[in-house]
Amino acid sequence: MTEHDGEDPSAPYRAPTGTHDVLPPDSRRWARVVTAFAGLAERFGYGLIITPVFEHSEVFQRVGASTDVVRKEMYEFVDRGGRSLALRPEGTAPVVRAYVQHRPTPPWKTWYVAPNFRYERPQKGRYRQHWQLGAEVLGVDDPDVDVEIITLAARFYEALGLQHVRLLVNSMGQPADRARYIDVLRAHLLAHADGLGEEFRTRAEQHPLRLLDAKVEEWQDVLERAPQLTEHLGDDARRHFERVQAGLDELGITYELSPRLVRGFDYYTSTTFEFASDALDAAQNAVGGGGRYDSLAEKMHGPPTPGIGFGIGIERVLIACDAEAVLLPEGPVLDAFVIDGVGDGTASVIVTALRDSGLRADRAYGGRSVKAQWKLADRSGAAFGVMLGRAEADRAAVAVKRLATGEQIEVPREHVAGWIRARLEEAP
Ligand code: HAM
């Protein structure tokens, strides 16, 4: 997903299948995405949480036995001490584990940026290591928190300038609602299974809920006519869901009710949601998703603690930004590049003084010719070249060249930082 100067196809080692390097200058966009999210999350009152990249496998097994991410895709290993560990496949279980371990005072509002590992079939937008930005709130089941967490994610996409991201919401009900509904759904699907093949029948028997958002063309008719979970919600779940919708309406956040939205984790209860980008291929169009998980803390042997959160895939967000032509590379990477025509250490003093003054400055190394250094200055993308030649050095001055236009002027050394700063400030 990155454009490099020239990949060497014969390089003996490559990043493992399904992973990729993020190199400068592309990494600046990553930094902008993370900074935008961090700023928003802090404004919403969330604090950064950092958990280990690996956990005891059991922490993730608590997420649910029929969750594919856990059942089929985990990177698990036994360490030298004989412990069964797993690389984090998703961000919620570690946060809940940390909550149960540290028992912070609820409501506990955290945000994270972290890599996740899933042994999936790699394709565009689907990787074996992907990064998520996420937020979780533990300790409150108030529907206002559902609205807040959805708002945080929605504001993030807006802040990046993405305009083709749709919010889909659904409710998975409370476990008892869901159990009742699954029986009704299974009966419907099996009653209409004739001619749809053995796989349909098996899945209808084993995981009727997961079948609901299957993409197989011939099944769509039956799936579309299937009874909906939101029609089988108990009073509590129904009231909660209505309140969430009203809260989103009050904030003017547009959403679509999506009764067939079934997210891939067993831990979800009541509100679930997904953000789909219409700028991406339908198969990998989820740029984020989340929901409530009101029983997960108990499954981790903690006190009953409601929770809600979301994860946003950074790589997919960047693909969506490319597709919508937003978050484009902005301005030069450097303010100044120093060219040393003297070779006595003065260039180091100048470049350090520029940096100390707050400018982004760099230089060439290794005694290159002045011509070669000018080339590097051009390639560096700096706004200004700062040339220290013998004649200028004798006058305690430097020649400053605006690299875009070639226009050049001599400036006393002690004024160079201020001079460049003034020009940068007046630039359009
Ligand atoms: P998830 O839907 O599995 O949810 O992942 C969240 C987001 O991560 C997806 O919407 C997508 O943007 C991105 N993503 C997932 N898998 C990949 C992949 N293989 N390659 C690239 N991007 C990917 C969770 O992980 C839940 N922990 C979210 C959550 C938080 N629910 C409650 N709290």
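These legends describe close-up views of one predicted model.

**View 1. The whole chain, with 16 helices and 16 strands.**
The chain has 428 residues, and 48% of them count as buried. Its C-alpha trace spans about 90 × 50 × 50 Å along the principal axes. How many of the contacts join residues at least 24 apart? Take the contacts between residues at least 6 apart in sequence: 69% of them do.

**View 2. Helices α6 and α7 cross.**
Two packed helices are described by the angle between their axes and the distance between the axes. Here the pair is α6, residues 175–191, and α7, residues 198–206. Their axes come within 9 Å and cross at roughly 165°. That angle is over 145°, so α6 counts as roughly antiparallel to α7. The crossing of α6 and α7 is left-handed. Which residues of α6 meet α7? They are Arg186, Leu189 and Leu190. On the α7 side stand Phe200, Arg201, Ala204 and Glu205. The residues of this contact divide into four nonpolar, three charged and no polar.

**View 3. An open sheet of three strands.**
The order is β2-β4-β3, and the pairing is antiparallel. Strands β2 (54–56) and β3 (76–78) stand at the edges. Each has a single partner strand, so one side of each is left without a neighbour in the sheet. Neighbouring strands are turned by 35° against each other on average, direction ignored. Now look at β3 and β4, where β4 covers residues 84–87. Three bridges join these two strands in the antiparallel sense. At one of these places, glutamate 76 has alanine 86 in β4 as its bridge partner.

**View 4. Strand β7 and two of its partners, β8 and β9.**
Strands of a sheet pair through backbone hydrogen bonds, either parallel or antiparallel. Strand β7 shows both senses of pairing. With β9, residues 269–277, strand β7 pairs in the antiparallel sense over seven bridges. With β8, residues 256–257, strand β7 pairs in the parallel sense over two bridges. Which residue of β9 is the bridge partner of valine 169? It is phenylalanine 273. Leucine 168 has its bridge partner in β8, and that partner is glutamate 256. Is β7, residues 165–171, mostly covered or mostly open? Strand β7 is mostly covered, with five of its seven residues buried.

**View 5. A sheet of five strands, with helices packed on it.**
The strands of this open sheet follow the order β13-β12-β14-β15-β16, and the pairing is mixed. At the edges stand β13 (361–363) and β16 (408–412). Each of these edge strands has a single partner, so one side of each is left without a neighbour in the sheet. The twist averages 30° from one strand to the next. Strand β15, residues 397–402, is joined to β16 by five bridges, and the two run antiparallel. Valine 398 has valine 411 in β16 as its bridge partner. Helix α14, residues 370–380, lies across β12 (336–340), β14 (384–388) and β15. The helix runs at about 175° to β12. Helix α16, residues 416–426, also packs on the sheet. Helix α16 touches β12, β14, β15 and β16, and its direction makes about 160° with that of β14.

**View 6. Helix α12 is largely enclosed.**
Why is this helix, residues 314–324, called largely enclosed by the rest of the structure? Nine of its 11 residues are buried, so the description fits. Among the buried residues are Ile314, Val317, Leu318 and Ile319. Arg316, Glu315 and Glu324 are buried too. Just after α12 comes alanine 325, with a positive phi of about 50°.

**View 7. Histidine 130 in strand β6.**
Histidine 130 sits in β6, which covers residues 129–138. Is this histidine buried or exposed? Its relative accessible area is 11%, under the 20% cut-off, so histidine 130 counts as buried. Leaving aside neighbours within four places in sequence, its contacts are Ala114, Pro115, Asn116, Arg118 and Glu315. One of these, Glu315, is among the buried residues of α12. Glycine 313 is 183 residues away along the chain from histidine 130, yet their C-alpha atoms are separated by 6.9 Å.

Definitions and conventions. Residues numbered from 1 in each chain as written. Predicted model: local features only at pLDDT ≥ 70, side-chain atom pairs only at ≥ 80, totals over all residues. Heavy atoms only, no water. Axes fitted to C-alpha atoms, helices over the stretch in contact; angles between N-to-C directions. Helix = DSSP H or I, 4+ residues; strand = E, 2+ residues; numbered from the N terminus. Parallel < 35°, antiparallel > 145°, perpendicular 65-115°, else oblique. Left-handed = near helix turned anticlockwise from the far one by under 90°. Contact = heavy atoms within 4.5 Å. Nonpolar A, V, L, I, M, F, W, Y, C, P; charged D, E, K, R; others polar. Pairing = 2+ DSSP bridges. Buried < 20%, exposed > 50% of the residue type's maximum accessible area, 1.4 Å probe, protein only.
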